[in-house]
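Reader: I would like to know how the labels used for this structure are justified. Please show it and take me through some of them.

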Amino acid sequence: MFDTKVALVLRNDLEAWQSLNVTAFLMSGIVAQTPDIIGEPYIDAKQNIYNPLSRQPAIVLAADQATLSKIHRRVLDRGVRASAYIEEMFATGHDAANREVFAAVDPEQAKFVGIGIHADKRIVDKITKGAKMHP
C-alpha cells in the first residue's frame, strides 16, 4: 500500500516509560522531516476536532545494543536521515540539553537507545535487519 516505511527501533532493555518516551521523540523527528506524512484532522460525530495523525503506520522493533549500532552504521552508509536518541538524553530535561549531550558523543561510541527512519520500504528492511518486533 505504501512505497515507504516508518520503522522505530528501540533498544530491547529499556524500561516501559523509556520505550514510550523514545518512541514519541523518534516519531516527532520523522514528522518534522516529512510533514506530508500527516493526514487530515479527525472529527467525531459531534464535530469535535482532533489533531491529525500519521497517514502511514509505523512499525516498532526492538534490538540489542550491538544491533542498534549496526543499524546506525547502515543508516549512515546509505545516507538516510534518521531520528536518533542516545542514552545520555535520559538525564536531560529539554531540547537544548538533549542536543548538547548528543553533540558531545562520538557516533562510533554512542549508546543508541532508539533510531527512527522513514524511507523506501526495501531500504528500511535492509537497514533494520536483525531487529525483531517489539514485544
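Author: What follows sets some computed values of this predicted model against their cut-offs.

Reader: Why is Arg11 called buried?

Author: Buried means under 20% relative accessible area. Arg11 has a relative accessible area of 9%, so Arg11 is buried.

Reader: What makes the pair Asp13 and Arg11 a salt bridge?

Author: The side chains meet at 2.6 Å, N to O. The limit is 4 Å, so the pair of Asp13 and Arg11 counts as a salt bridge. Salt bridges that share partners also join Arg11, Asp13 and Glu87 into one network.

Reader: How many salt bridges are found in the whole structure?

Author: The search finds seven. Another of them joins the side chains of Arg73 and Glu108, at 2.3 Å, N to O. Arg73 lies in helix α2 and Glu108 in the loop between α3 (95-104) and β6, so this pair ties together parts 35 residues apart in sequence.

Reader: Why is Glu108 called exposed?

Author: Exposed means over 50%. Glu108 has 52% relative accessibility, so Glu108 counts as exposed. Arg73 has 31%, which lies between the two cut-offs, so Arg73 counts as partly exposed.

Reader: How do you know that Asp95 is partly exposed?

Author: Its relative accessibility is 49%, which is not over 50% and not under 20%, so Asp95 counts as partly exposed. Its salt-bridge partner is Arg99, at 2.9 Å, N to O. Arg99 has 52%, so Arg99 counts as exposed. Both lie in helix α3, four residues apart, about one turn of the helix.

Reader: Which residues have the most contacts inside the largest nonpolar core?

Author: They are Val9, Ile115 and Ile117, in a core of 29 residues.

How values were computed
Residues numbered from 1 in each chain as written. Predicted model: local features only at pLDDT ≥ 70, side-chain atom pairs only at ≥ 80, totals over all residues. Heavy atoms only, no water. Core = buried A, V, L, I, M, F, W, Y, C linked by side-chain atoms within 4.5 Å. Buried < 20%, exposed > 50% of the residue type's maximum accessible area, 1.4 Å probe, protein only. Helix = DSSP H or I, 4+ residues; strand = E, 2+ residues; numbered from the N terminus.
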